[in-house]
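Colleague: Could you take me through this model slowly, giving the meaning of each term as we reach it?

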Amino acid sequence: MSQYYVVECKTRKQLRTLARIVRETLHLENAVWFPIIELLDVLTVVFPKFNYEIVEDDELPEFIHADTDIISGNIRIKESIYNGACDGNGRDRMTIAHEICHFLMLCSLGFRIQRSFGKPKPCEDPEWQAKCMAGELMIDKRLVDGMSPLEISKKCGVSIDAAEYQYEVFRREK
Ligand SMILES: [Zn+2]
């Protein structure tokens, strides 16, 4: 029988609010291009529990680009992903945002997480929550109004896939 992890349910609206609090705390509410690499170093100063390390690519499985240990608060990032994010690669920037969101929700804010034998609903799925919050953090709805997915991708420094996904989310809310 498969095991899953379940977290207390959070809606996109709640996660958007959380992403905005992060931006406001950092005085980055108007930053279209969110400086996600710099946030790693800021978190190191702000949270004694937070740490990140850049590891050789072969230290993590092929399809894992980075991971977060929610007990220790340590994020491991593959060297190629970190370098890609520094070069502005959208997918790599989003990978780092995703792990930071795991840290913030599970380590810093302490969302309750439990093992479950049933598949979680999306709002209870820690992966959906991290994906949702990372998208909201990197692509702020207030700042991309009227932009096409291609513009969002270029100006926010995210992949075209992420830009299209978020664009659709915002379009459906209208
Ligand atoms: Zn994840």
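Modeller: A polar contact is a pair of N or O atoms within 3.5 Å; within protein, one must be able to donate a hydrogen and the other to accept it, and residues adjacent in sequence count only if both atoms are side-chain atoms. The model is predicted, with local features needing pLDDT of at least 70 and side-chain atom pairs counting only at pLDDT 80 or more, while totals for chains, interfaces and linings use all residues. Residues are numbered from 1 along each chain as its sequence is written, and side-chain values use heavy atoms, with hydrogens and water left out.

Colleague: Which residue caps the N-terminal end of H5?

Modeller: Helices (H or I, at least four residues) and strands (E, at least two) are DSSP runs, numbered from the N terminus. At the N-terminal end of H5, a side-chain oxygen lies 2.9 Å from the backbone nitrogen of Glu127. The residue that supplies this oxygen, and so caps the helix, is Asp125.

Colleague: What span should helix H5 have, at 1.5 Å a residue?

Modeller: The expected span is 1.5 Å times one less than the number of residues, and H5 (residues 126–138) has 13 residues. The end C-alpha atoms are 18 Å apart, which agrees with the expected span of 18 Å.

Colleague: How many of the 13 residues of H5 are buried?

Modeller: Buried means under 20% relative accessible area, exposed over 50%, and partly exposed in between (1.4 Å probe, protein chains only). Among the buried residues of H5 are Cys132, Met133 and Glu136. H5 is largely enclosed by the rest of the structure, because the number of its residues that are buried is 10.

Colleague: Which side chain makes a polar contact with the side chain of Glu136?

Modeller: The partner is found in helix H1 (residues 12–25) and is buried, with a relative accessible area of 14%. Not counting residues up to four places away in sequence, this residue also touches Trp128 and Cys132, among others, where contact means heavy atoms within 4.5 Å. The polar contact with Glu136, at 2.9 Å, is made by the side chain of Arg12.

Colleague: Is Arg112 buried or exposed?

Modeller: Arg112 lies in the loop between H4 and strand S5 (113–116). Leaving aside its neighbours within four places in sequence, Arg112 is in contact with Val6, Val7 and Glu8. Its relative accessible area is 58%, so Arg112 is exposed.
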